[in-house]
Amino acid sequence: MNSLDRWREIGASLGRRKLRTSLTALSVAWGIFMLVILLAAGNGLANGADTAFRDDAANSVWLFPSRTTKPFAGRPKGRSIRMDNEDFSLVAKSVKVADHLSARFEPPGIANVSRRDKHGVFPVKAVHADNRYLEKTIITEGRYLNEADVRQRRKVVVAGRKAVSILFPRGEDALGGEITIGRSAFTLIGVSETVGDQKEQETLYIPITTGQLVFGGTNEIDRLMFTVGDTPVKVAEAVVEDLRRRLANRHGYDPTDPRGIRVRNNHFMHQKMQGVLWAIRSFVWLIGLGTILAGVVGVGNIMLISVKERTKEFGIRKALGATPWSIVLMVMEEALLVTTVAGYLGLVAAVGVVEFAKTMLPGNDFFKNPDVDIGVGLSATAILVVAGILAGLWPARRAAKVHPVEAFRAEA
């Protein structure tokens with residue numbers, strides 16, 4: 001605009017058609033509003049999906065011993081299956097795509113842990129060195145367990161941050177300190193944290209060979225897990241099925257029995273969830289852009305009607321010396337004003353609704369933090385403004401071609 005008067009003139013022109021202008025602005029605002037709301041909902045679902053895999057590696061496969069549900073080779077159903085170190089060796093040899101592999105043995109109950117006059121009751125997990133990658137354990141001080149610790153049955157322990165704060169409350173250096181688990185002394189070599197389950201802040205990790213020797217004198221394991229790198233899902237599923245048959249043959253149960261050794265294929269579930277989220281995001285954008293397009297069409301329609309109603313006015317302007325470009329600019333500026341104001345109001349309203357919803361929704365892991373991507377909202381608004389201007393271009397060019405004499409005749 002060249003002057004404030006011109007903006008006032010445009011405002012007055014729009015004000016003479018209050019209902020039509022309001023409905024057009026509403027359609028534009030509604031398009032932005034729905035796009036942002038739908039995107040926020042999609043982000044909430046995506047955050048919930050990420051939360052579901054925050055504790056464990058998304059490309060991992062977990063094996064759990066259970067009870068059979070089918071009779072096999074003269075053996076009744078309901079037989080308890082127990083896994084041991086031989087199963088770990090079987091997986092290590094047969095699953096070539098495994099890049100991280102660990103078994104876990106959890107001593108019965110929760111261990112009494114002490115250091116001098118400090119006592120606590122904490123869960124203990126006896127694991128291999130690769131368990132760090134399976135459970136996404138973060139080391140903040142010292143180091144994690146390594147293969148030498150497992151091979152030599154060292155009495156070393158990695159403790160969660162909260163457990164360390166209880167056992168070492170005076171801020172003294174915890175690394176190298178001695179703590180007692182049950183009746184055995186262990187040296188603290190690392191302090192860990194986790195982004196997931198806060199109970200792991202209290203968990204103590206020791207070498208699996210040490211745990212089996214000290215707390216059970218057995219070679220049994222409670223679960224076995226491995227990651228498959230970037231292996232395609234179909235290939236990973238084939239590997240899992242082959243492994244299921246091998247384990248069934250070793251333990252003597254029906255290979256088609258899904259409960260003999262239960263399998264949790266995080267890799268498959270994560271990829272499936274990503275596919276669902278992609279479909280949801282595509283649907284959100286389709287609906288949102290369709291709504292915005294409806295607003296743009298509304299802007300184009302109101303500009304066409306405006307040009308038709310103002311035919312005589314444009315003829316007078318041209319008779320008084322107005323250039324075609326000035327008329328084009330005036331019509332396009334009306335479209336700019338409607339789309340900009342309406343789009344901004346729709347964006348602000350959507351942000352307000354989402355922020356209010358975040359305070360009212362109960363906390364859960366399925367739908368979490370439906371954040372608004374302001375950058376996307378502003379980009380959508382900018383696209384809508386440009387589209388609105390372009391929608392007003394054809395009516396503007398039509399207005400610029402009006403001949404003064406024809407304009408008077410059309411009005412007469």
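This tour moves through a predicted model, with a suggestion at each stop of what to select and a description of what is there.

Begin by selecting residues 111-115, which make up strand β4, a mostly covered strand in which four of the five residues are buried. Now add residues 118-122, strand β5, and you will see the two strands run antiparallel, joined by five bridges. Together β4 and β5 form a hairpin with two residues between them, and in the turn Arg116 has a positive phi of about 55°. On the other partner, strand β9 (residues 178-181), two bridges make the connection to β4, and this pairing is antiparallel as well. Ser114 is a useful residue to keep highlighted here, since its bridge partner in β5 is His119, while in β9 Ser114 stands opposite Thr180.

Next, select Ser102, which is found in strand β3 (residues 100-105). Ser102 counts as buried because its relative accessibility is 0%, under the 20% cut-off. A polar atom of the Ser102 side chain lies 3.3 Å from the backbone nitrogen of His128. If you then display the surroundings, leaving aside residues up to four places away in sequence, the residues that Ser102 touches include Phe88, Asp130, Leu224 and Met225.

The following stops are salt bridges, of which the structure holds 14. Side chains of opposite charge can pair when their charged atoms come close. Select Asp149 and Arg143, whose closest N and O atoms are 2.8 Å apart; Asp149 is buried at 0% relative accessible area, whereas Arg143, at 32%, is partly exposed.

Move on to Arg161 and Glu193, whose side chains meet in a salt bridge of 3.6 Å, N to O. This pair links distant parts of the chain, with Arg161 in helix α6 (residues 161-167) and Glu193 in strand β10 (residues 184-193), 32 residues apart. Arg161 is partly exposed at 29%, and Glu193 is partly exposed at 31%.

For a salt bridge inside one helix, select Arg244 and Glu241, where the closest N and O atoms are 3.4 Å apart. These residues are separated by about one helical turn, because they sit three residues apart in helix α8 (residues 233-251). Arg244 counts as buried at 16% relative accessibility, while Glu241 is partly exposed at 36%. Selecting Arg104, Glu106, Lys125 and Glu135 then shows one network, joined by salt bridges that share partners.

Finish on the surface by selecting Val341, Tyr344, Leu345 and Val348, a nonpolar patch with about 390 Å² of accessible area together. Val348 lies in helix α11 (residues 324-360) and is partly exposed, at 43% relative accessibility.

Definitions and conventions
Residues numbered from 1 in each chain as written. Predicted model: local features only at pLDDT ≥ 70, side-chain atom pairs only at ≥ 80, totals over all residues. Heavy atoms only, no water. Buried < 20%, exposed > 50% of the residue type's maximum accessible area, 1.4 Å probe, protein only. Pairing = 2+ DSSP bridges. Polar contact = N/O pair within 3.5 Å; in protein donor to acceptor, adjacent residues only side chain to side chain. Contact = heavy atoms within 4.5 Å. Patch = residues over 30% accessible without salt bridge, like charges linked within 9 Å, V, L, I, M, F, W, Y side chains within 5 Å. Areas by Shrake-Rupley, 256 points an atom, 1.4 Å probe, with all protein chains shown as cover. Salt bridge = Lys/Arg side-chain N within 4 Å of Asp/Glu carboxyl O.
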